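Visitor: I am new to this structure. Please take me through one part of it, slowly and in plain words.

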Amino acid sequence: PGATQIFDFTIYTGPQDLQLLKKLDGNLNKIMAFSGVALLDIIEKFIYNVLLLINKIIPNWGVCIILISLLVYGATYPLTLKSMLSMRKMQELQPKMAELREKYKNNPQKLNTEVVQLYKVHNINPLSGCLPMLLQMPVFISLYQVLWRTHNFQGAKFLWIKDLSLPDRLAKLPFGLDLNILPIILAVAMYAQTKMTQKQTATAGTPSILSGPLMSVMFGVMFYSVPSSLVLYWLTNSTISVLWYRTIK
């Protein structure tokens, strides 16, 4: 009672700007967090620092997103190449698959056994096509967190896009709707990508709904209201996949 005790606090009110936090206090940058998940937080901080580095060289955030997409695609390219070659092999096996389906149409269990054996002989993994996309998901989630929690993309312009932290909103439609072009372009790119693998998915026994236009429409709807920077990232990746798929022999 009657004693005096002094507490010192550092209070920061401002944007999550890593460079600014480092300038203010050497330890203050530790408060900067994204998802709070340890593994994702590492990826998120790495992406954030790479984006800052690229932006120092090319001061356009739209170009930075395209380049980070190229870097991610390059990092996962060996798996993507293996996936594409596997899909090509499955396309080549379509006549044999048709013969097996006809031969064992009344014996589904035997058909499955023969299909698995055919895959083993030709060293094909029918699930390999999903692996590159699965590896992309942590990066996509991390990029979403970076865009959501940092201020750098707010008001950043690219082509017709006025704000990369918002949908591209090219024009206003009736009933208060916005015309977002990027998700529509993405849906077209996804359709082209799935169209090229349509024979493979049918051969593998995957429901045809996954290789038809419905999946492309679903992607367009899912991405319609998300930040244009995220759509730009995914569109770049899909476009590269289509171009590379056409060149793989």
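What volume does the second largest pocket have?

Guide: Keep in mind that this is a predicted model. The second largest pocket has a volume of about 220 Å³.

Start with its lining. Ile43, Phe46, Ile47 and Val50 are among the residues that line the pocket. The lining also includes Ile68, Leu71, Val72, Ala75 and Thr76. Leu135 and Val139 belong to it too. Three elements give two or more residues each to this lining: H2, H3 and helix H7 (131-149). By class, the lining has ten nonpolar residues and one polar residue. No charged residue takes part in it.

Now look at two of those elements together. Helix H2 spans residues 38-57, and helix H3 spans residues 61-75. Their axes come within 9 Å and cross at roughly 125 degrees. H2 and H3 are therefore oblique to each other. The crossing of H2 past H3 is right-handed.

Which residues make this contact? From H2 come Val50, Leu51, Leu52, Ile54 and Asn55. From H3 come Trp61, Cys64, Ile65, Leu67, Ile68 and Leu71. Sorted by class, the contact of H2 with H3 holds ten nonpolar residues, one polar residue and no charged ones.

Some names return here. Val50 of H2 lines the pocket and also takes part in the helix contact. Ile68 and Leu71 of H3 appear in the contact and in the pocket lining as well.

For a second pair of helices, turn to H5 and H6. Helix H5 covers residues 94-103, and helix H6 covers residues 108-121. They pack at an angle of about 160 degrees, with their axes 10 Å apart. That angle makes H5 roughly antiparallel to H6. Their crossing is right-handed. On the H5 side, the contact is made by Lys96, Met97, Leu100 and Arg101. On the H6 side, Leu111, Glu114, Val115, Leu118 and Tyr119 make it. By class, this contact has six nonpolar, no polar and three charged residues. The contact of H2 with H3, by contrast, has no charged residues.

Key
Residues are numbered from 1 along each chain as its sequence is written. This is a predicted model: local features need pLDDT of at least 70, side-chain atom pairs count only at pLDDT 80 or more; totals for chains, interfaces and linings use all residues. Side-chain values use heavy atoms; hydrogens and water are left out. Axes are lines fitted to C-alpha atoms, for helices over the stretch in contact, and angles run from 0 to 180 degrees between N-to-C directions. Helices (H or I, at least four residues) and strands (E, at least two) are DSSP runs, numbered from the N terminus. Angles under 35 degrees count as roughly parallel, over 145 as roughly antiparallel, 65 to 115 as roughly perpendicular and the rest as oblique. A crossing is left-handed if the near helix is turned anticlockwise from the far one by less than a right angle, and right-handed if clockwise. Contact means heavy atoms within 4.5 Å. Ala, Val, Leu, Ile, Met, Phe, Trp, Tyr, Cys and Pro count as nonpolar, Asp, Glu, Lys and Arg as charged, and the others, Gly among them, as polar. On a 1 Å grid over the protein atoms alone, a cavity is a set of points where a 1.4 Å probe fits but cannot get out, and a pocket is an open set with protein on both sides within 12 Å along at least five of seven lines; lining residues have an atom within 4 Å of a point. Grid points are joined across faces, edges and corners, and a volume is the space filled by probe spheres set on the points.
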